[in-house]
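Work through these exercises with the structure open beside you. Try each task before you read its solution.

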Amino acid sequence: MTDTAITAAGFEPVHVDRQVQVLTRPSLSYWQDAWRRLKANRRAFVSLYIIIALLLFTVAGPWVWTVDPSTQDLDQVSKPPGSDRRAFVAEPYQPWEGVRAAVPEGAASSSPPANFKTVGSTTTQAVRLTWDPVPGASGYRIYRNLFAPTPGGALGLPLGDVLSPEQVSFEDRLDLEPMTYHYAVLTLDRFGQPVSAPASLPVNVVRVITPAQAVERGLVAAEADAKVGDELKLALHPLGTDYLGRDLLARLMTGARVSLLIGIFAPLFYVLLGIAYGSAAGFMGGRADSVLMRFADFVVALPFLLFMILFKIAFGIGPGESGIFPMLVALVLLSWPSTARLVRGQILQIREEGYIGASKLLGARTGYLVMRHMIPNTMGVILVTLTFAIPSAIFTEAFLSFIGMGVAPPTPSWGSMCNEGIRTMLTTPHELIFPAVLISITVLAFNLLGDGLRDAFDARMRSRE
Amino acid sequence: VLRYILKRLLHGLITVWFIATVTFIAMHAVPGDPLSGEKAMTPEIRRNLEAKYGLDKPVVEQYRIFLANMAKGDFGISYTQQNREVNDIIREGFPVSATLGILAVVFAALGGVLLGALTATYRNRLPDVVIMFLVILGISVPSFVFAALGQLALVKINAWTGFTLFPVAGWGTVMHMVVPSLVLGLGTMAYLVRLMRSSMLEVTNTDYVRTARSKGLPPARIFLKHQLRNAILPVVTVLGPAIAAITTGGFVVELVFAIPGLGRYFVQAVQQLDYTVIMGTTVFYGAFLVLMVIIVDIVYGLIDPRVRLKA
């Protein structure tokens, strides 16, 4: 046996001539990958921009457009956008004693009153009409029509009867708008029955405003600045006004606050509640799990909208309250189980995954497992649920406000604005169209974003590449 | 299967009890009580009225009476409509709502399945693009806007043709039912089209469809027997919740089209705080929906051989 000394010099590393796998592309985290996919999805990205724009509209809008949404502009009620805003300065209204004339003798005539004309200027303060007396008449009746008269057609709104043959004038001060009216007058017999054909007259009404009103509306600084005959412009309403003369743009912004507040916070709260409940059930497992989930099943079985309404009544709305808070609470109380189920399912699934086992083997504690593995892996699914929950919450709010069970007036919300707009849908459609379009765009944007997120987070899609 | 059905019914019964209890608690949590209305009343009248409606008893006792009466199918008397039983109101309103709802469900299911299959067949071609655009519209526009627009369109059409085929509002003939049920079913239909489309696309890529194609079966036969029948299954599962959505969505349609259904009575009762009517209709609706979901589940088990109805 020869002694051989083992020294370090006797060793040399074996030369490895094997091609090691090299990562050629940068490694991406789960979130980076999802973000990359979302960016590739043009529809989802446009939706994201729309949502950001909506949030800006809601949050920053009231600073840019500082009109108070509850101020009533009584000069402009139910006006569509872009309507005529001109108004002329005029003297305050002066009472008018009317015109009296002697009735000529003669046989009772059935011809329409002659010489039907206006007296003075026809303004939104008053339209003064006069005509020649008719022999044998015992009174006159005056109509106002929005449309040109047709033979045998309707005469329009009966303004009133003059029950004396000598009184041959009428003053119309009823809700005059700057437009063309068609007045008609006819003769009545002593029984109050019309005996003649109507005489008609188209009248162009001019909008006027007194200096005092101009100051009050903030159109001029002092009464002295407004001279009679001056042309002023009334307050600007870019999207028109509603049936009480309130600015629609300002109301849409405030309404967006309500709708988006409910639409975003209610899902946020109930998703959080669902995460807590679902992960508790998933972790505890066994008997506690089945009891918890059975209770969730019962809550799911409650007819959703009926109970929304029921809870809204139960919480009640005090005077001066908007009713946003009860709606939030009711939504949270009724909607959490679906998220809870989802999270529980995810937790149960992830608990069995190999990497959890490996992590446990390496000595990971429960807290670390939850924070490092469970929550990040359920986050994608939860985010998708949240995005889809937002439009449905907005819909619920709109539905409830529409049937009058939502936010209490005067607080505007898109749903209650639709409800108000639908009544005058035929004459002033803009009051319905603007809020309805905003609801639709919001819901659409969140839905498309949700689709995009789902595609971005979907593990099945990832493996297919 | 029978054991499964019995178990589901029992479970449904517990659910109805849960609904009734929550309703009872919610109604008793309301600030004030049904008798403190706008009319002032003397203490004697008040006491008599409380005795009439059983409000003088302790809450637990009231709850017991409420449950006992409900088990007998008696929901009590309306507070605002003199001496009118809640059962009468349900009997009068429910058939109308049910007719409307069934028509809407049929329309939504038929339309959803057909259009969904169509979009999947013409994937990424013109019919698909057009229908999917309409579907997105259908999902994002609220039902009351559709109801209003539908009514507006009817007014215009009737005025233009000078002849009323579909009346604008009201109830009575078949013609009254068409447009409201279309409007009511629209949202659900849009949802079903999407579901049907993705399910159909999945089925189209399966092995058995490829086999059928390679066997040389006529395309129509493959479409009907292999694709449609299998793709329809997920649609059936969501029919239960869809029925629930349609019945409650009926409120708005009934309101807009002036249809004398249960939804309108409910909304009225809510506005007038008519407690017995609210409780009665809620429990009734709840029971109806629970029953519907059970039926849909059983039907699903029957048509899908992969699903075993386990007790």
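**Exercise 1. Find which helix of chain B gives the most to the nonpolar patch.**

Solution. This is a predicted model.
Step 1: List the members. B:Leu2, B:Leu6, B:Leu9, B:Leu291, B:Ile295, B:Val299, B:Leu302 and B:Ile303 make a nonpolar surface patch of about 740 Å².
Step 2: Look up the helices. α1 (2–28) and α13 (275–303) of chain B each supply at least two of these residues.
Step 3: Pick the main contributor. α13(B) gives the most, with five residues.

**Exercise 2. Place B:Ile303 in its helix, then decide how B:Ile303 is classed: buried, partly exposed or exposed.**

Solution.
Step 1: Locate the residue. B:Ile303 sits in helix α13 of chain B.
Step 2: Take its relative accessible area, which is 42%.
Step 3: Apply the cut-offs. Buried means under 20%, and exposed means over 50%. The value of 42% lies in between, so B:Ile303 is partly exposed.

**Exercise 3. Name the residues of the positive surface patch and the helix of chain B that gives the most to the patch.**

Solution.
Step 1: Collect the residues. B:Lys215, B:Arg221, B:Lys225 and B:Arg229 form the positive patch.
Step 2: Find the main helix. Helix α9 of chain B, residues 219–231, gives the most, with three residues.
Step 3: Place B:Lys215. This lysine belongs to helix α8 of chain B, residues 207–215.
Step 4: Class B:Lys215. Its relative accessibility is 60%. The cut-off for exposed is over 50%, so B:Lys215 counts as exposed.

**Exercise 4. State what secondary structure chain A and chain B have.**

Solution.
Step 1: Take chain A. Its secondary structure comes to 13 helices and ten strands.
Step 2: Take chain B. Here the count is 13 helices and zero strands.
Step 3: Read chain B from the N terminus. Its elements run α-α-α-α-α-α-α-α-α-α-α-α-α.

**Exercise 5. Set the radius of gyration of chain A against that of a compact globule.**

Solution.
Step 1: Get the reference. A compact globule of 465 residues would have a radius of gyration near 23 Å.
Step 2: Get the value for the chain. Chain A has 37 Å.
Step 3: Add the dimensions. Along its principal axes, the C-alpha trace of chain A spans about 160 × 50 × 40 Å.

**Exercise 6. Give the share of buried residues in chain A and in chain B.**

Solution.
Step 1: Recall the cut-off. Buried means under 20% relative accessible area.
Step 2: Read chain A. Of its 465 residues, 45% are buried.
Step 3: Read chain B. Of its 311 residues, 46% count as buried.

Definitions and conventions
Residues are numbered from 1 along each chain as its sequence is written. Chains are lettered from A and ligands numbered from 1 in the order in which they are written. This is a predicted model: local features need pLDDT of at least 70, side-chain atom pairs count only at pLDDT 80 or more; totals for chains, interfaces and linings use all residues. Side-chain values use heavy atoms; hydrogens and water are left out. Patches are made of residues with over 30% relative accessible area and no salt bridge: like charges are joined within 9 Å, nonpolar side chains (Val, Leu, Ile, Met, Phe, Trp, Tyr) within 5 Å. Accessible areas come from the Shrake-Rupley method with a 1.4 Å probe; for residues, only the protein chains shown count as cover. A salt bridge is a side-chain nitrogen of Lys or Arg within 4 Å of a carboxyl oxygen of Asp or Glu. Lys and Arg count as positive and Asp and Glu as negative; His and the chain ends are not counted. The place of a charge is taken as NZ of Lys, CZ of Arg, CG of Asp or CD of Glu. Helices (H or I, at least four residues) and strands (E, at least two) are DSSP runs, numbered from the N terminus. Buried means under 20% relative accessible area, exposed over 50%, partly exposed in between (1.4 Å probe, protein chains only). The radius of gyration is taken over C-alpha atoms; the globule rule is 2.2 Å times the number of residues to the power 0.38.
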